[in-house]
2 protein chains.
Amino acid sequence: MARRPPSAPLAAKWQNLAEGRCAERGERLTPARLAVYAEMLAHDRPLSAYELIGLLEERQKRKIAPLTVYRHLDFLMRVGLVHRLQSTHTYMPCDHPDHTHESQFLLCSSCGQVDEVESTGLETLLAEIASERGFRPDNTVVEVTGVCGTCATSEQT
Amino acid sequence: MARRPPSAPLAAKWQNLAEGRCAERGERLTPARLAVYAEMLAHDRPLSAYELIGLLEERQKRKIAPLTVYRHLDFLMRVGLVHRLQSTHTYMPCDHPDHTHESQFLLCSSCGQVDEVESTGLETLLAEIASERGFRPDNTVVEVTGVCGTCATSEQT
DNA sequence: GCCGAGAAGGTTATAACGTAACGTTTTAGC
DNA sequence: GCTAAAACGTTACGTTATAACCTTCTCGGC
């Protein structure tokens with residue numbers, strides 16, 4: 001019997017979401033995969049792959065190879081539970097979990113928070129730009145770095 | 001007297017552009033910086049920093065440290081002559097050199113060509129999305145990966 | 001000319017991010 | 001139980017980027 005690795009607490013909401021997503025696609029949600037997802041949800045900011053490794057090693061009291069975590073991250077992205085932020089080489093759980101979609105991100109360089117936005121207008125416009133040029137889009141990255149409303153307000157010294 | 005390092009051939013057009021950009025900002029366009037820029041212009045696709053190092057080492061017959069090239073790239077980006085592509089960790093000269101602007105990129109995963117697009121509509125929309133949320137944008141990354149028109153056409157087997 | 005301040009460049013080392021190759025374990029279906 | 005395929009683990013390595021520190025060059029004032 002496989003011993004389930006210690007995992008960060010995971011609200012039923014997320015657990016159910018993860019199970020649903022995997023079931024839809026005939027993918028297997030293993031304890032190791034769930035542990036990575038739970039660890040990401042336990043923090044309120046994007047984490048780098050190596051930060052995740054450190055956190056998981058500490059929680060599970062054992063060595064974890066980078067490849068292991070990268071595979072779990074690839075899986076979680078494949079089923080749409082996790083996004084990769086290209087600008088910062090970090091990963092975060094999807095905030096709009098109700099359906100598959102393209103996302104855009106607002107990254108605050110002051111507090112590190114990331115706002116996941118879903119603008120159909122933007123998606124449409126991007127699709128037009130591509131199709132005008134005969135370009136067939138596959139994957140779209142939209143990441144705006146700047147200062148979020150909260151930080152901008154508290155900046156007024 | 002400093003010996004000018006061997007540099008890729010550089011059309012007067014680009015040389016003038018580079019000189020103009022630097023003059024505008026009171027920045028110094030040194031031979032080493034120009035050599036990196038010329039090397040990028042000598043290839044018709046984005047190059048990684050380490051590809052660039054290899055090319056420059058071959059041309060100049062000497063060892064070049066990564067940091068050197070990264071500094072030159074930072075400089076060239078600062079003055080607006082070069083863009084970084086986050087999706088592929090590569091760098092390319094700016095195609096729309098007439099003025100400073102935000103750019104969007106269409107990256108063909110088949111042939112490697114990158115189309116630099118400048119859509120004011122998209123910029124406006126992104127600005128709206130940000131301002132609705134009180135977000136003050138600083139830097140925007142828009143990169144669409146897919147298959148370009150040329151490759152899509154020749155794909156029809 | 002020469003001298004000082006600051007920018008630019010060089011050197012060495014290392015941190016951070018990501019993958020290849022290969023073997024073992026687990027799981028689902030029979 | 002048996003088998004095939006997926007998942008997992010281990011070792012090693014490749015790629016991308018930066019830290020710390022020192023030397024060289026350039027520009028302006030004298």
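Biologist: How many residues surround DNA strand D?

Modeller: This is a predicted model. The closest residues to DNA strand D come from both chains: Thr30(A) and Arg71(A), with Tyr50(B), Leu67(B) and Tyr70(B). The number of residues that surround the strand is 19.

Biologist: Which element gives the most to the surface near DNA strand D?

Modeller: The elements that give two or more residues to this surface are α2 (31–41) and α4 of chain A together with α4 of chain B. The one that gives the most supplies 4 residues, and this is α4(A).

Biologist: Which side chain has an N or O atom 2.3 Å from a base nitrogen of DNA strand D?

Modeller: Several side chains place polar atoms by this strand. Tyr91(B) has one 3.1 Å from a phosphate oxygen, and Arg28(B) has an N or O atom 3.4 Å from a sugar or linking oxygen. The side chain at 2.3 Å from a base nitrogen is that of Arg71(A).

Biologist: What share of the atoms of DNA strand C that come within 4 Å of the protein is sugar and phosphate?

Modeller: DNA strand C is surrounded by 19 residues, and the closest include Tyr50(A), Leu67(A) and Arg71(B). Of the strand's atoms that come within 4 Å of the protein, sugar and phosphate account for 51%.

Biologist: Which residue of chain B has a polar side-chain atom 3.5 Å from a phosphate oxygen of DNA strand C?

Modeller: On the side of chain A, the side chain of Ser48(A) has an N or O atom 3.5 Å from a phosphate oxygen of this strand. For Arg84(A) the distance to a phosphate oxygen is also given as 3.5 Å. In chain B, the residue with a polar side-chain atom at 3.5 Å is His72(B).

Biologist: How many residues of the surface near DNA strand C are charged?

Modeller: The largest share of this surface, 4 residues, comes from α4(B). By type, the surface has 7 nonpolar residues and 5 polar ones, and the number of charged residues is 7.

Biologist: What kind of axis relates the two copies, chain A and chain B?

Modeller: Chain A can be laid on chain B by a turn of 179° with a shift of 0.0 Å along the axis, and the RMSD is then 0.1 Å. The two copies are thus related as by a two-fold rotation axis.

Biologist: Which residue of chain A comes closest to the rotation axis?

Modeller: Distance to the axis is taken at the C-alpha atom. The closest approach in chain A is 2.3 Å, by Val142(A).

Biologist: Which element gives the most to the side of chain A that touches chain B?

Modeller: Between chain A and chain B there are 11 residue pairs in polar contact. The elements that give two or more residues to the side of chain A are β3 (104–108), β4 (114–117), α5 (120–132) and β5 (136–147). The one that gives the most, with 12 residues, is β5(A).

Biologist: Which residue forms a salt bridge with Asp115(A)?

Modeller: Across the interface of chain A and chain B, 2 salt bridges are found. In the one with Asp115(A), the closest N and O atoms are 3.6 Å apart, and the partner is Arg133(B).

Biologist: What area do chain A and chain B bury between them?

Modeller: The contact takes 32 residues from chain A and 32 residues from chain B. Carbon and sulfur atoms hold 64% of the buried area, which is about 2700 Å².

Conventions:
Residues numbered from 1 in each chain as written. Chains lettered and ligands numbered in written order. Predicted model: local features only at pLDDT ≥ 70, side-chain atom pairs only at ≥ 80, totals over all residues. Heavy atoms only, no water. Least-squares fit on C-alpha atoms with pLDDT ≥ 70 in both. Near = heavy atom within 4 Å. Polar contact = N/O pair within 3.5 Å; in protein donor to acceptor, adjacent residues only side chain to side chain. Nonpolar A, V, L, I, M, F, W, Y, C, P; charged D, E, K, R; others polar. Contact = heavy atoms within 4.5 Å. Buried area = accessible area lost by both parts, 1.4 Å probe. Salt bridge = Lys/Arg side-chain N within 4 Å of Asp/Glu carboxyl O.
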